[in-house]
Amino acid sequence: MPNTRRIFFGLAAVLCLGLGVAVWWLWRHPYAADPLVYRAAPDYVFNRLDAPEAQFKPSDWLGRPYLVSFFASWCRPCHAEHPVLMELARSSGIALVGIAYRDRPEDAKRMLQKMGNPYQLLLSDYSGKAAVNWGLRGVPESFIVDGAGQIVWHYVGPLTQQVAADQILPLAAALIGAE
């Protein structure tokens, strides 16, 4: 009977160690198995922030690549990434779509009036329902959608100059060149 107990605890220890290594690896590589990349962008119908009676859905922009940025006026990291978005709007050649997440339209508009508006299209997700369809983990969060309507890139957290230079600009150039 004592050998059975040792074997049981040995197997339990190996299992716990394996699970620990798996959790550590996923923590260090959170985008390794991003379930949204290479899937169709959710065709959720949004209200436009600048014209609430007008609607938009991602399939309306088939044929052109664009970067989707979920943001909020109450989100400090969103304020920190804003200069990067302004620069991307000037230099990347890719359209930027802003989605105000759980934000009052007047607050989002006020933020953009104060800081500048990098977006060619401004949408509202006041309810947060679209964020669920997009698999949003929080704000800020960004996606690049290709001309076929497929999500080809996903980033959680505030964009930095380094991320823009190393990831977004090369991908934008490749997508625009493929049109």
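**View 1. Helix 5 lies across three strands of the sheet.** Helix 5, made up of residues 161–177, lies across strand 3, strand 6 (141–145) and strand 7, and its direction runs at about 165° to that of strand 7. Such angles run from 0 to 180 degrees between N-to-C directions, with axes that are lines fitted to C-alpha atoms, for helices over the stretch in contact, where contact means heavy atoms within 4.5 Å. Helices (H or I, at least four residues) and strands (E, at least two) are DSSP runs, numbered from the N terminus. This is a predicted model, in which local features need pLDDT of at least 70 and side-chain atom pairs count only at pLDDT 80 or more, while totals for chains, interfaces and linings use all residues. Residues are numbered from 1 along each chain as its sequence is written, and side-chain values use heavy atoms, with hydrogens and water left out.

**View 2. Seven strands form an open sheet.** The strands follow the order 2-1-5-4-3-6-7 with mixed pairing, and two strands count as paired if DSSP finds at least two bridges between them. Strand 2 (55–56) and strand 7 (151–156) stand at the edges with a single partner strand each, so one side of each is left without a neighbour in the sheet. Strand 3 (residues 66–71) and strand 4 (residues 95–101) run parallel and are joined by six bridges, with Val68 opposite Val97 in strand 4.

**View 3. Strand 5 is covered on both faces.** Leu121, Leu123 and Asp125 are buried on one side, as are Leu122 and Ser124 on the other, where buried means under 20% relative accessible area with a 1.4 Å probe and protein chains only. Because five of the five residues of strand 5 (residues 121–125) are buried, this strand is largely enclosed by the rest of the structure. Strand 1 (residues 46–48) runs antiparallel to strand 5 and is joined to it by two bridges, and Asn47 has Ser124 as its bridge partner. Strand 4 pairs with strand 5 in the parallel sense over five bridges, and here Tyr101 stands opposite Asp125.

**View 4. Helix 2 has a kink at His82.** In helix 2 (residues 76–91), the kink of about 40° lies shortly before the proline Pro83; the bend at a residue is the angle between axes fitted to the seven residues ending there and the seven starting there. The buried residues of this helix include Cys78, His82 and Leu85, and among the elements that cover its buried residues are strand 3, strand 4 and helix 5. Just after helix 2, Gly93 takes a positive phi of about 80°.

Conventions: Buried < 20%, exposed > 50% of the residue type's maximum accessible area, 1.4 Å probe, protein only. Expected span 1.5 Å × (residues − 1).
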